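Biologist: Please take a close look at a single part of this model. Pick one strand and its surroundings, then move on to the ligand.

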Amino acid sequence: MKARNPRTGEEDYEFTVSSRDDVAVEAARLRAAQPAWEALGPEGRAAVLNKFADAVDAGAQAIAEALSIDTGRKAVAWIEVEGLARNLRKWAARGPDLFAGLPSDPEPSAMPGFDIVPRYDAYPLFGAICPWNFPVILSHIDAVPALMAGCAALVKPSEVTPRFVEPMREVLAQVPELPLAYVMGGPDVGQALIEEVDYVCFTGSTGTGRKVAEAAARQLIPANLELGGKDPMIITASADPEWAAGVALRSSIVATGQACQSIERIYVAREIAEPFLDALVEGANAVRLTYPDASSGHIGPFIFPPQGAKVQEQIDQARSAGARVLAGGQIEQLDGGTYLRPTVLADVTPDMAVIRQETFGPVLPVTIFDDIEDAITQANDTEYGLSAAVLAGSMEEASQVGARLEAGAISLQDGALTSMVSDATNESRKASGLGPSRMGDSGMLRFLRRQSLIRQNGEAATIDAYAEAQR
Ligand code: NAD
């Protein structure tokens with residue numbers, strides 16, 4: 001299978017797709033290694049995760065270079081690789097404390113004569129199916145706490161961005177005691193993985209998430225789904241309009257808007273709408289593409305060009321339905337790369353695709369509101385519920401508005417904090433996800449199964465206790 005370079009448009013990388021047998025063999029190998037891994041205990045596993053983190057640091061250049069070809073980004077590629085090492089060290093530090101905090105003393109039962117001894121073990125084989133937008137971070141975000149919990153981990157990165165796996169496998173070879181492996185390919189390999197594992201974490205689009213949930217249901221395994229979003233930002237009349245414009249712009253266009261937690265809808269109070277829009281347009285026009293110099297600028301090419309086409313369709317549809325394009329608005333093809341400058345849209349209406357569907361691009365549709373109640377209603381009028389943001393003149397006001405938004409994580413006085421603050425436990429709502437939080441301690445605890453040893457401290461009943469009798 002071939003992968004495309006988003007800066008040149010050339011299919012310049014070939015990789016081997018895992019066959020159904022390859023997936024089964026890898027799964028069996030990991031399953032065989034898992035009991036010894038779990039038996040190492042929390043401290044033993046933490047030591048191996050720290051060793052892996054050191055190996056990632058040592059191999060960071062090669063991983064970041066490969067990743068940067070697939071994503072067309074340099075700085076963010078480094079942020080991802082450094083983030084992986086941080087994730088490993090974070091769980092290596094936190095995991096043993098969480099295990100130490102698990103109850104292990106006998107608990108009295110409400111049923112006379114019994115008590116219960118709790119114990120915990122890990123789902124043996126964890127599986128991850130991952131997207132292309134942050135390939136390194138999102139291929140390991142759940143696998144690392146699963147490994148800390150005692151699972152073995154089988155990961156399927158996106159077929160759109162496979163290049164980091166080659167250098168990653170070299171790093172992994174230095175830590176042979178770590179039961180982690182990658183399988184490569186598209187939907188079929190994803191389905192095969194679901195058939196092999198005991199617990200699946202999926203990060204990707206809502207449409208694919210439904211298919212993963214169906215397949216997991218057939219296998220009767222838990223599926224955690226981290227799906228799409230259409231995150232709103234409410235900016236109240238008391239907010240400073242220029243500051244708000246800067247926060248909104250960054251929160252929307254980082255990584256070319258290809259982030260689940262990007263701000264994709266802005267609701268601004270009429271009192272400050274004019275200076276806000278002026279500042280937003282000025283800021284948008286000052287943003288530079290990372291072209292032709294890949295080492296400067298803010299906005300790189302779309303990683304997956306069909307995404308660019310979808311974004312253009314939403315912009316065109318909005319424009320033909322009466323929206324005004326105040327900045328950007330037109331995809332540019334530059335040396336085989338697909339780029340879009342920050343696009344500010346005004347006079348948008350709630351029925352437009354740019355307001356209803358996930359965009360996944362650097363597009364800021366702005367709606368002006370007169371009444372905060374109306375802004376809250378519009379912000380909540382979506383099938384998604386991943387995250388949201390509020391900017392106001394005070395934290396107190398932002399909190400009051402934020403608590404009324406139907407989403408898992410709400411950024412106050414900032415935007416798009418969801419993935420940056422890894423201990424902010426939250427569950428996505430509506431079509432944005434399913435299952436326990438990947439953030440916070442539940443990120444690891446969800447991979448443990450509680451077992452109860454039920455102790456009979458009196459006399460076990462005989463069959464006569466259940467003999468039929470007249471009552
Ligand atoms: P996608 O749904 O197209 O693909 C994700 C993964 O699923 C890929 O590895 C793909 O090969 C695999 N896949 C596709 N069809 C499958 C099937 N039928 N069975 C099993 N596996 C299958 O998503 P994408 O386009 O790679 O990523 C972008 C999407 O991911 C956006 O919607 C974005 O919002 C979402 N996302 C969500 C989060 C989050 O934490 N909520 C984070 C990042 C991205």
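Modeller: Strand S10 (residues 231–235) and S11 run parallel, joined by 5 bridges. Within that pairing, Ile-234 has Tyr-267 of S11 as its bridge partner. Keep in mind that this is a predicted model. The connection between the two strands involves a helix: S10, helix H10 (residues 241–253) and S11 form a right-handed β-α-β unit.

S11 also pairs with strand S16 (residues 363–369). That pairing is parallel too, with 4 bridges. Here Ile-266 stands opposite Val-366 in S16. In a regular strand, side chains alternate between the two faces of the sheet. How many residues of S11 are buried? The count is 7 of 7, over residues 263–269.

Now the ligand. It is surrounded by 28 residues. The closest are Cys-130, Glu-159, Ser-205, Leu-227 and Glu-358. Cys-130 places a backbone N or O atom 2.7 Å from an oxygen atom of the ligand. Lys-156 uses its side chain: an N or O atom there is 2.9 Å from a ligand oxygen atom. Gln-191 has a polar side-chain atom 2.9 Å from a nitrogen atom of the ligand. Alone, the ligand exposes 860 Å², and the protein buries 90% of that.

One last position is Ser-428. This residue sits in the loop between strand S19 (409–412) and strand S20 (429–430). Its relative accessible area is 19%, so Ser-428 counts as buried, the cut-off being under 20%. Beyond its neighbours within four places in sequence, Ser-428 is in contact with Glu-226, Gly-385, Leu-386, Gly-408 and Gly-433.

Terms used
Residues numbered from 1 in each chain as written. Predicted model: local features only at pLDDT ≥ 70, side-chain atom pairs only at ≥ 80, totals over all residues. Heavy atoms only, no water. Buried < 20%, exposed > 50% of the residue type's maximum accessible area, 1.4 Å probe, protein only. Contact = heavy atoms within 4.5 Å. Pairing = 2+ DSSP bridges. Right-handed = clockwise from strand over helix to strand, strands pointing away. Near = heavy atom within 4 Å. Polar contact = N/O pair within 3.5 Å; in protein donor to acceptor, adjacent residues only side chain to side chain. Areas by Shrake-Rupley, 256 points an atom, 1.4 Å probe, with all protein chains shown as cover.
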